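Biologist: Could you take a close look at the salt bridges in this model for me? I would love to hear how the charged partners sit relative to the surface.

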Amino acid sequence: MTTRTTTWPVVRVLRDRDAGLYLSGVVVSGFGTSAMSLASGVWVKDLTGSDGLAALCVLALWLPTLAGPLLGTLADRVRRKPLLIGVNLLLAALMLTLVGVDAPGDLWLLYAVLFVYGAAGVVHDAAESALVATAVDPALLGDFNGLRMTANEGMKLLAPLAGAGLYAVYGGASVALLDAATFVLATGLYAGLRVREEKPAPPIGSRRERTAEGAHHLWAHPVLRPLVLAGGATMLCAGLNGAMLYAVVDDLGRSPAYAGVLYAVQGAGSVAVGLLSGTALRRLGARRFAAFGIALLAVAVALRAVPSDPLALVCGAAIGAGLPAVLIATLTSVQRETPGPLLGRVTATANTLVYTPNVAGLAAGAVLVELASHRLVLVALGVALLVTAALLRPPFAGVRPPSAGVSPSSRP
């Protein structure tokens, strides 16, 4: 007899009207964001000829993540649906200001817009996560977050090519206009959500106390703390691994362009695990699912030290499949285990703790790859990731993993 839990996850999510609208909004806005992320660096490179100034585009986008706990408080102060709509309209307007950037002296505007873009993205992600927990059937959260990952990875494969092509023909202003159009379209999709939100209660305590509540909740929670710590450790290792990519390509005797092939294979692995994550979360529970993903990542990273084309492709796909597991498990658990009034701050704080180490890992790896053999580094990273997976995996207790439903603490 066929049960609801055996239904294909895409069908399960798309049958839910709000989940389908949300996922469509993620696809649309993610396409514009991915296209702009690539085009902004190329834009700066063309105007200045400087690799360093081009790299500052990535820094401008990522820097606001450090203020995640503070920015996340905004998502708990107002209704989330109007906030999402407002943020998307703000970003659309910001993109329009870039139409006149055509000389090195105009780059201050591009950097300023990218910085605000990054800050608005932190608020957007916090509000989106909080509203998803309200708008989407709790039983679908794992499937939705997996499909969201699939959509994002799919956009990373397609949008940069589209952005690069558009830039090559019409210039950076055309990519900015494309991004603005995607935000306007996403606004319409979010406006169609049928969500009833209560007005948030007046804030209690000082701003510092309210900002710190997200971190306090994460640290005190027996489910969320190990997932967030494991997620941060995994993303640190992932950043270091990413910095070794071109050394791996050189070891294979390939040109630097071959990195694009490995990126594509890795993206395909992420797409696949996103489609299966809802089922895996229901059967394994969040910690086991995350631990198995990290263990797969560990083996794949260590085996990249072997200079073999077929093995490199297999490892790329395995890295793409293993890395998202802890990210999906952590986000889904945050949504299930956090009271609604705290969800914006907790999401933003968790994102800061999980994703910021990736940037630190990339920076450290850029130095380390010049000082040590990349093969030794990859093997060491594999060992570190295996230890992380072992510490995260819960002890076998002879019972089934917790259900995918909402935990008692996930609602006020």
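Modeller: Happy to! In this predicted model, R17 is partly exposed, because its relative accessibility is 38%, a value between the 20% and 50% cut-offs. The partner of R17 is D18, and their side chains meet in a salt bridge with N and O 3.5 Å apart. D18 counts as buried, because its relative accessibility is 9%, and buried means under 20%. So this bridge joins a partly exposed arginine to a buried aspartate.

Now let me turn to another pair. D76 and R80 form a salt bridge whose closest N and O atoms are 2.7 Å apart. Here D76 is buried at 9% relative accessibility, and R80 is buried too, at 10%.

Next come E213 and R345, whose side chains meet in a salt bridge at 2.6 Å, N to O. This pair links distant parts of the chain: E213 lies in helix α10 (residues 207–220) and R345 in helix α16 (residues 343–371), with their positions 132 residues apart. E213 is partly exposed, with a relative accessible area of 33%, whereas R345 is buried, with 9%.

These last two pairs belong together, as D76, R80, E213 and R345 are linked in a network of salt bridges. Within that network, D76, R80 and R345 are buried, while E213 is partly exposed. For the wider picture, the count comes to 9 salt bridges, and the pairs described here are among them.

Note on methods: Residues numbered from 1 in each chain as written. Predicted model: local features only at pLDDT ≥ 70, side-chain atom pairs only at ≥ 80, totals over all residues. Heavy atoms only, no water. Salt bridge = Lys/Arg side-chain N within 4 Å of Asp/Glu carboxyl O. Buried < 20%, exposed > 50% of the residue type's maximum accessible area, 1.4 Å probe, protein only. Helix = DSSP H or I, 4+ residues; strand = E, 2+ residues; numbered from the N terminus.
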